[in-house]
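Biologist: Got a minute to walk me through this one? I'd like to go residue by residue where we can.
Modeller: Sure, here it is.

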Amino acid sequence: GYDADTSKLVAKALGVEACFVTPTWSEEISGHWNDRWDIAFVSMGITYKRMQGLYFTQPYAAEAERFFVRKAAPFTSVSQLSGKRLGGCFAQYYIQRTLRLPGQRVRFRVDHATFVGYDVEKNGLAMVAKGKLDAFLCGVAVGGKAIREGLPLRALGGDQYVAYLSGAVDRFSGLSVAAFAARVDAIVHTLLASGTLRRLSLHYFNTDFATQASRFDVASLRQQVK
């Protein structure tokens, strides 16, 4: 809901209609979209690795990520997940201890774990609830929603880092995207400054994920958008 509504608001400000496609997560984060779509608002966090294939716009949300485990699991600290089977999106880089995030120092608290990838976070959380996966690393909104919907899960430990969720544009587009990305940046800034995204975040999550995103300086990424 939040991602889709943000897309619609940006499209409206651009004077166009938002049309949606459904590629896989792997396609979205890799770039080389062959101009099948123009921008992705898909709760994608900015990482230096993803910047190899994508340009990122001003973030529209900033969401802490935590581990979620089965409610009856014996774990009392994140370090106890070492050597276990862990799922997630950022989790792959976290487990490999290669996760690098702009403006943050990530503390790795897990060693020698096995990563299990999921394109849909809900599926991974369901596997944790069934005892087929030891833990899942994801945003607090996603994990909290799964708990409210009845999955027997609980958060383990505190925030591992903050994911700055941003619109992504293909670095390998056949079109010049500099003016487009700059215009989207300006629109997102306006939506943040006006409180529109804050209200939208409160509507969907009962939490303000927008205000912290507004403090992120996208210029600090030093992208040379072409």
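Biologist: Where is Thr 57 found?
Modeller: Thr 57 sits in strand S1. Helices (H or I, at least four residues) and strands (E, at least two) are DSSP runs, numbered from the N terminus. Before we go on: this is a predicted model, where local features need pLDDT of at least 70, side-chain atom pairs count only at pLDDT 80 or more, and totals for chains, interfaces and linings use all residues. Residues are numbered from 1 along each chain as its sequence is written, and side-chain values use heavy atoms, with hydrogens and water left out.

Biologist: OK. Is Thr 57 buried or exposed?
Modeller: Thr 57 counts as buried, at 1% relative accessibility. Buried means under 20% relative accessible area, exposed means over 50%, and partly exposed is in between (1.4 Å probe, protein chains only).

Biologist: And what does Thr 57 touch?
Modeller: Leaving out residues up to four places away in sequence, Thr 57 touches Ile 39, Ser 166, Gly 167, Val 169, Val 184, Asp 185 and Val 218. Contact here is heavy atoms within 4.5 Å.

Biologist: Val 184 rings a bell. Which residues of H1 and H6 meet?
Modeller: From H1 you have Leu 9, Val 10, Ala 13 and Leu 14. On the H6 side they meet Phe 180, Arg 183, Val 184, Ile 187, Val 188 and Leu 191. By class, that contact has 9 nonpolar, no polar and 1 charged residues. The classes: Ala, Val, Leu, Ile, Met, Phe, Trp, Tyr, Cys and Pro are nonpolar, Asp, Glu, Lys and Arg are charged, and the others, Gly among them, are polar.

Biologist: At what angle do the axes of H1 and H6 cross?
Modeller: Roughly 115°, and the axes of H1 (residues 2–14) and H6 (residues 178–193) come within 10 Å. That makes H1 roughly perpendicular to H6. The cut-offs are under 35 degrees for roughly parallel, over 145 for roughly antiparallel, 65 to 115 for roughly perpendicular, and oblique for the rest. Axes are lines fitted to C-alpha atoms, for helices over the stretch in contact, with angles from 0 to 180 degrees between N-to-C directions.

Biologist: Is the crossing of H1 and H6 left-handed or right-handed?
Modeller: H1 passes H6 in a right-handed crossing. A crossing is right-handed if the near helix is turned clockwise from the far one by less than a right angle, and left-handed if anticlockwise.

Biologist: While we're in H6, is Ala 181 buried or exposed?
Modeller: Ala 181, which is in helix H6, is buried at 7% relative accessibility. Its C-alpha atom is 9.9 Å from that of Asp 38, and the two residues are 143 apart along the chain.

Biologist: Switching topic: how many salt bridges are there in the whole structure?
Modeller: A search of the whole structure finds 5. A salt bridge is a side-chain nitrogen of Lys or Arg within 4 Å of a carboxyl oxygen of Asp or Glu. One of them joins Arg 66 to Asp 159, with the closest N and O atoms 2.5 Å apart. Arg 66 is in strand S1 (residues 54–70) and Asp 159 in strand S5 (residues 153–170), so the pair ties together parts 93 residues apart in sequence.

Biologist: How exposed is Arg 66?
Modeller: Arg 66 is partly exposed at 29%, and Asp 159 is also partly exposed, at 41%.

Biologist: Which residue forms a salt bridge with Lys 145?
Modeller: That's Glu 149, with the closest N and O atoms 2.5 Å apart. Lys 145 is partly exposed at 45%, and Glu 149 is partly exposed at 48%.

Biologist: Now H4. Which residues in H4 are buried?
Modeller: In helix H4 (residues 121–129), Gly 124, Leu 125, Met 127, Val 128 and Ala 129 are buried. The buried residues of H4 pack against S1, strand S4 (135–139), helix H5 (140–148) and S5. After H4 comes Gly 131, with a positive phi near 80°.

Biologist: Last one: what is the phi of Asn 34?
Modeller: About 55°, so to speak on the positive side although Asn 34 is not a glycine. Asn 34 lies in the loop between helix H2 (25–30) and S1 and counts as exposed at 63%. Arg 97 has a positive phi too, about 60°, and is not a glycine.
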